[in-house]
Amino acid sequence: MKKIGFSTKAIHAGHDHNTHGTLATPIYQSSTFIFDNAEQGGRRFSLEEEGYIYTRLGNPTTKVLEEKLASLENADGCIATSSGMGAITTAFWSVLKQGDHIVSDNNLYGCTFAYFTHGLSKFGVDITFVDASNPENVRRAVKANTKVIYCESPTNPSLKLVDIKALGDIANEIDAYLIVDNTFATPYLTKPMDLGAHIVIHSGTKYLNGHGDVICGLICAKNELLNDIRYVGLKDMTGAVMSPFDSFLVIRGMKTLGLRMKQHCENAQKVAEYLENHPKIKRVYYPGLTSHPQHELAKKQMKLPGAIISFELNGGINEGKALINSTKMCKLAVSLGDLETLIQHPASMTHSTYTQEERLAAGISDELIRISVGLEDVDDIIEDLEQALNNI
Ligand SMILES: Cc1ncc(COP(=O)(O)O)c(C=O)c1O
């Protein structure tokens, strides 16, 4: 059978075949749904009958989004949440119990790191952080009670890659779950489910929505996990449900995900090469550069190398601050994956949840600057960086 292309799926998957034949997905802005009779209400609650009950348990607009992402990730199903952190916490509360152990890569988005170290550890969950770019480090950290192996790839903010297939194999050997945060790559670049992940997390706030106007998250999972994540983790534990209006916006954003990612990556490759050749720059971290230690893995695991770049300037933190204070078109803001190029300083912003010692152990230096390369004309992005670099 002919395989359906990525953008065709992004546009059509999950379409809502409603009685009016709308082309765009309607916003079903309703908190609750009317049952025909008491018996039907009971059957819906016991999951004997499909259908809607209450928007915290499912909503027809959100369902379109969930089916679209499940189709793009080759997942059995998907559950939308009100933020990326809502997706992470919902997934973990669903699969863990007191006494379980997690092996996690040490380079994580700051709030995920904080959830592990300040949140989960209070509830009797044990976490070991390792450099998961070497799968042997993960294997060595496994214990009898290891329930989850966790990573991002590429990682935020160091752009390290993790060999997802190798970690999936370890998880299967020890009967644990591999959970991958695929926010930076998106399914356009990497499909962790095809490589052995059991759960894939997204901050949909980023590339999936792509327009900087929604906070949202998504959890893709294997069939056997879906009911627990939706009807225990999301319904009873976090309640972090996505609103129908936000679902509508993300559906609209996702239709152009393939087009946007292609252009984001093309721009980023040029910006990374420009930065790497600049005399004021000490080191550039970008999987598309041959100098990246995992450039070969990037070619194998990613369709294109992504559009986030981190770099260190000669000098240090003061030069970095001067640079981000001097850009004009590139905006000084956290978040990533938007149309606008965004530049920020992880140590004092997105990764300030780490102590300096923890950050350095994770390879996040104080002078590291992160850029999310946007969709402006690339010559304009480079010109803005050039004038900012001339200022320091
Ligand atoms: C890799 C990654 N995962 C998760 C999150 C959390 O997502 P949200 O801000 O949508 O809660 C972020 C946010 O920056 C992120 O970069």
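A residue is taken to be near the ligand if its C-beta atom, placed from the backbone, lies within 6 Å of it. In the predicted model described here, 14 residues surround the ligand, and the closest are Ser83, Gly84, Tyr109, Ser203 and Thr205. Two helices, H4 (84–95) and H5 (110–119), are the elements that contribute two or more residues to this shell. By class, the residues of the shell comprise 8 polar, 4 nonpolar and 2 charged.

The domain assignment divides the protein into domain 1 (6–254) and domain 2 (257–390). The C-alpha centres of domain 1 and domain 2 are separated by 26 Å. Across the interface, 32 residues of domain 1 are in contact with 36 residues of domain 2. On the side of domain 1 that touches domain 2, helix H1 (6–12), H5 and H8 each provide at least two residues. The largest share of that side of domain 1 comes from H5, with 4 residues. Its composition is 18 nonpolar, 12 polar and 2 charged residues. Helix H5 thus appears both among the elements of the ligand shell and on the side of domain 1 that touches domain 2.

Within domain 1 (6–254), strand E7 (residues 217–221) is largely enclosed by the rest of the structure, because 5 of its 5 residues are buried. In a regular strand, side chains alternate between the two faces of the sheet. In E7, Gly217, Ile219 and Ala221 point one way, while Leu218 and Cys220 point the other way, and all are buried. Strand E7 has antiparallel partners in strand E1 (residues 77–81), to which 5 bridges connect it, and in strand E6 (residues 199–203), again over 5 bridges. Cys220 illustrates both pairings: Cys78 stands opposite Cys220, and Cys220 is also the bridge partner of Val200.

A second region of strand pairing is an open sheet of 5 strands, arranged in the order E8-E9-E12-E11-E10 with mixed pairing. Strands of a sheet pair through backbone hydrogen bonds, either parallel or antiparallel. The edges of this sheet are formed by strand E8 (281–285) and E10, each of which pairs on one side only. Strand E9 (residues 308–313) and strand E12 (residues 369–372) run antiparallel and are joined by 4 bridges. In this pairing, Ser310 stands opposite Arg370 of E12.

Helix H11 (residues 257–276) lies across E8 and E9, and its direction makes an angle of about 10° with E9. Tyr274 belongs to helix H11. With 18 other C-beta atoms within 10 Å, Tyr274 is partly exposed. The C-alpha atom of Tyr274 lies 10.0 Å from that of Val284, a residue 10 positions away along the chain.

Several backbone features were also identified. Two cis peptide bonds precede proline residues: the bond from Ser153 to Pro154 has omega near -10°, and the bond from Asn156 to Pro157 has omega near 10°. Pro154 is located in the loop between strand E4 (146–152) and helix H7 (164–173), and Pro157 likewise occupies the loop between E4 and H7.

Positive phi values occur in residues other than glycine, including Thr186, with phi of about 65°, and Ser335, with phi near 80°. Thr186 is part of helix H8 (residues 186–189), one of the elements that supply at least two residues to the side of domain 1 that touches domain 2. Because Thr186 has 28 C-beta neighbours inside 10 Å, this residue counts as buried, the criterion being 20 or more other C-beta atoms within that distance. Ser335, by contrast, is found in the loop between strand E10 (331–332) and strand E11 (342–344). Ser335 is partly exposed, because 16 other C-beta atoms lie within 10 Å, a count between the limits of 12 or fewer for exposed residues and 20 or more for buried residues.

Notes:
Residues numbered from 1 in each chain as written. Predicted model: local features only at pLDDT ≥ 70, side-chain atom pairs only at ≥ 80, totals over all residues. Nonpolar A, V, L, I, M, F, W, Y, C, P; charged D, E, K, R; others polar. Pairing = 2+ DSSP bridges. Domains from an automatic or database assignment. Contact = placed C-beta atoms within 7 Å. Axes fitted to C-alpha atoms, helices over the stretch in contact; angles between N-to-C directions.
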